Amino acid sequence: MFQVDRGFLKTVVDLFWRPGYAIKDYLQGKRKNY
């Protein structure tokens, strides 16, 4: 029913513990880890 990429948990953890870094990395194009 739901398809979750394996980076989903890392994204959630990063958004919880260091939200500024996760958003900055994503906007700079570092999307492979997220």
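Let's start with Asp-14: at 9% relative accessibility, this residue counts as buried, where buried means under 20% relative accessible area, exposed means over 50%, and partly exposed is in between, using a 1.4 Å probe and protein chains only.

Before I go on, a word on what you're looking at. This is a predicted model, so local features need pLDDT of at least 70 and side-chain atom pairs count only at pLDDT 80 or more, while totals for chains, interfaces and linings use all residues. Residues are numbered from 1 along each chain as its sequence is written, and side-chain values use heavy atoms, with hydrogens and water left out.

Okay, the overall picture. The chain has 2 helices and 0 strands; these are DSSP runs numbered from the N terminus, H or I with at least four residues for helices, E with at least two for strands. There are 34 residues, and 15% of them count as buried. About 3500 Å² of the chain is exposed, with carbon and sulfur atoms supplying 61% of that; the areas come from the Shrake-Rupley method with a 1.4 Å probe, and for residues only the protein chains shown count as cover.

Back to Asp-14, then. Which side chain meets Asp-14 in a salt bridge at 2.6 Å, N to O? That's Lys-10. By salt bridge I mean a side-chain nitrogen of Lys or Arg within 4 Å of a carboxyl oxygen of Asp or Glu. Lys-10 and Asp-14 are 4 residues apart in helix 1, so about one helical turn separates them. Lys-10 itself is partly exposed, at 35% relative accessible area.

Asp-14 has another partner, too: a salt bridge to Arg-18, with the closest N and O atoms 3.7 Å apart. Now look at Arg-18, which is partly exposed at 32%. The side chain of Arg-18 also meets Asp-25 in a salt bridge, 3.9 Å from N to O. And is Asp-25 buried or exposed? Buried, with a relative accessible area of 13%. Put it together, and shared partners join Lys-10, Asp-14, Arg-18 and Asp-25 into one network. The salt bridge count comes to 3.

Let's move to the nonpolar side of things. Leu-9, Val-13, Phe-16 and Trp-17 make a nonpolar surface patch of about 530 Å². Patches are built from residues with over 30% relative accessible area and no salt bridge, joining like charges within 9 Å and nonpolar side chains (Val, Leu, Ile, Met, Phe, Trp, Tyr) within 5 Å. Phe-16 sits in helix 1, residues 8-17, and is exposed at 64%. Trp-17 is exposed as well, at 67%.

How many aromatic pairs does a search of the whole structure find? Just 1. In that pair, the rings of Phe-16 and Trp-17 have centres 5.2 Å apart and planes at 85 degrees, so the arrangement is edge-to-face. The rule here is that rings of Phe, Tyr and Trp (its six-membered ring) pair if their centres lie within 6.5 Å, with planes under 30 degrees apart called stacked, over 60 edge-to-face, and the rest tilted.

One last stop: Leu-15, also placed in helix 1. Leu-15 is partly exposed, at 43%. Leaving out residues up to four places away in sequence, Leu-15 touches Ala-22 and Ile-23, contact meaning heavy atoms within 4.5 Å.
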